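Colleague: Please pick one part of this model and go through it closely, together with whatever packs against it. A plain account will do.

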Amino acid sequence: MSATTEIGSTDSDDAGNAGDPGMTVRMTVNGQSHARHIDPRRTLSDFLRKDCGTTGVHLGCEHGVCGACTVLLDGRTARSCCTLAAQADGADVTTVEGLADGPELNPLQEAFWKHHGLQCGFCTPGFLIVIQELLAENPDPTDEEIREGISGNICRCTGYQFIVDAVRDAAAILRGEQPSAASGSDH
Ligand code: FES
Ligand code: FES
């Protein structure tokens, strides 16, 4: 993806005031370049949602607890509600919108669907991003390692077992193996 979107104007609610002229932040979001003049206090989550249109970045607690706002910042997970857009200046950002290949879900998204790893779906973008990092670092995690990996994200609906099942399944597919028949959610 090489398209560039240059967003040069300043939001009225985020413009720097007379004593604070603001700053210009540039970053690549899901392969597309963005630039905008912002208030230096603008969070990365607001930048992504309001300036880049990536509203798959969900805001739950807005103080670093729930993980719904998690994105990949230069390949590492970051809570965008607790990160300033200025801190991401020059970074390569991946949000949940960047996981699928057009209409094609990636194996992890497919596994969430198959195993009912979501219900309301509010937490799902954060889980998917965290698990992307987990599987990149550990392609064959144990259930305990999966649970440890997702322990910083809160879901109010699924009870987590279905998410663990989905991760186990996706990991096997990404390794080129058949998904395990042993699954707590396959009834
Ligand atoms: S909204 Fe960022 S951690 Fe909850
Ligand atoms: S699916 Fe509803 S909060 Fe996780």
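Modeller: Angles under 35 degrees count as roughly parallel, over 145 as roughly antiparallel, 65 to 115 as roughly perpendicular, and the rest as oblique. The model is predicted, with pLDDT of at least 70 required for local features and 80 or more for side-chain atom pairs, while totals for chains, interfaces and linings use all residues. Residues are numbered from 1 along each chain as its sequence is written, and chains are lettered from A and ligands numbered from 1 in the order written.

The part I take is helix α5, residues 161-174. The chain around it has five helices and five strands (DSSP runs numbered from the N terminus: H or I of at least four residues, E of at least two). Along the sequence these elements follow the pattern β-β-α-β-β-β-α-α-α-α.

Start with the helix itself. α5 has 14 residues and spans 20 Å from first to last C-alpha, close to the 20 Å expected at 1.5 Å a residue (the expected span is 1.5 Å times one less than the number of residues). Ten of the 14 residues of α5 are buried, so the helix is largely enclosed by the rest of the structure (buried: 20 or more other C-beta atoms, placed from the backbone, within 10 Å of the residue's own; exposed: 12 or fewer; partly exposed: in between). The buried residues run from Phe162, Ile163, Val164 and Asp165 through Ala166, Val167 and Arg168 to Asp169, Ala170 and Ala171. For the chain as a whole, buried residues make up 40% of the 187. The cover over the buried residues of α5 includes α2, α3 and α4, the last being residues 143-149.

Take α3 next. The axes of α3 (residues 124-137) and α5 come within 11 Å and cross at roughly 45 degrees (axes are lines fitted to C-alpha atoms, for helices over the stretch in contact, and angles run from 0 to 180 degrees between N-to-C directions). That angle makes α3 oblique to α5. On the α3 side the contact uses Phe127, Ile131 and Leu135, and on the α5 side Ile163, Val167, Ala170, Ala171 and Leu174 (contact: C-beta atoms, placed from the backbone, within 7 Å). By class, the contact of α3 with α5 has eight nonpolar residues, no polar and no charged (nonpolar: Ala, Val, Leu, Ile, Met, Phe, Trp, Tyr, Cys, Pro; charged: Asp, Glu, Lys, Arg; polar: the others, Gly among them). Ile163, Val167, Ala170 and Ala171 take part in this contact and are also buried.

Now α2, residues 107-114. Its axis lies 8 Å from that of α5, and the two helices pack at an angle of about 140 degrees. α2 and α5 are therefore oblique to each other. Here Pro107, Leu108, Ala111, Phe112 and Lys114 of α2 meet Ala166, Asp169, Ala170, Ile173 and Leu174 of α5. The contact of α2 with α5 divides into eight nonpolar, no polar and two charged residues. Ala170 and Leu174 of α5 appear in the contact with α3 and in the contact with α2.

The two partners of α5 also pack on each other. The axes of α2 and α3 are 10 Å apart, at an angle of about 130 degrees. That makes α2 oblique to α3. Leu108, Gln109 and Phe112 of α2 are in contact with Thr124, Leu128, Ile131 and Gln132 of α3. In this contact of α2 with α3, four residues are nonpolar, three are polar and none is charged. Leu108 and Phe112 of α2 serve both α5 and α3, and Ile131 of α3 serves both α5 and α2.

Last, the two ends of α5. Ahead of the helix, Tyr160 sits in the loop between α4 and α5. Tyr160 is not a glycine, yet its phi is positive, about 80 degrees. Tyr160 has 17 other C-beta atoms within 10 Å, so it is partly exposed. Gly117 lies 43 residues from Tyr160 in sequence, but their C-alpha atoms are 7.6 Å apart. After α5 comes Gly176, with a positive phi near 80 degrees.

For comparison elsewhere in the chain, Asp74 is another residue other than glycine with a positive phi, near 50 degrees. Asp74 belongs to the loop between β3 (70-73) and β4 (76-79). With 13 other C-beta atoms within 10 Å, Asp74 is partly exposed. As for the chain's contacts between residues at least 6 apart in sequence, 59% join residues at least 24 apart.

Key
Two residues are in contact if their C-beta atoms, placed from the backbone, lie within 7 Å.
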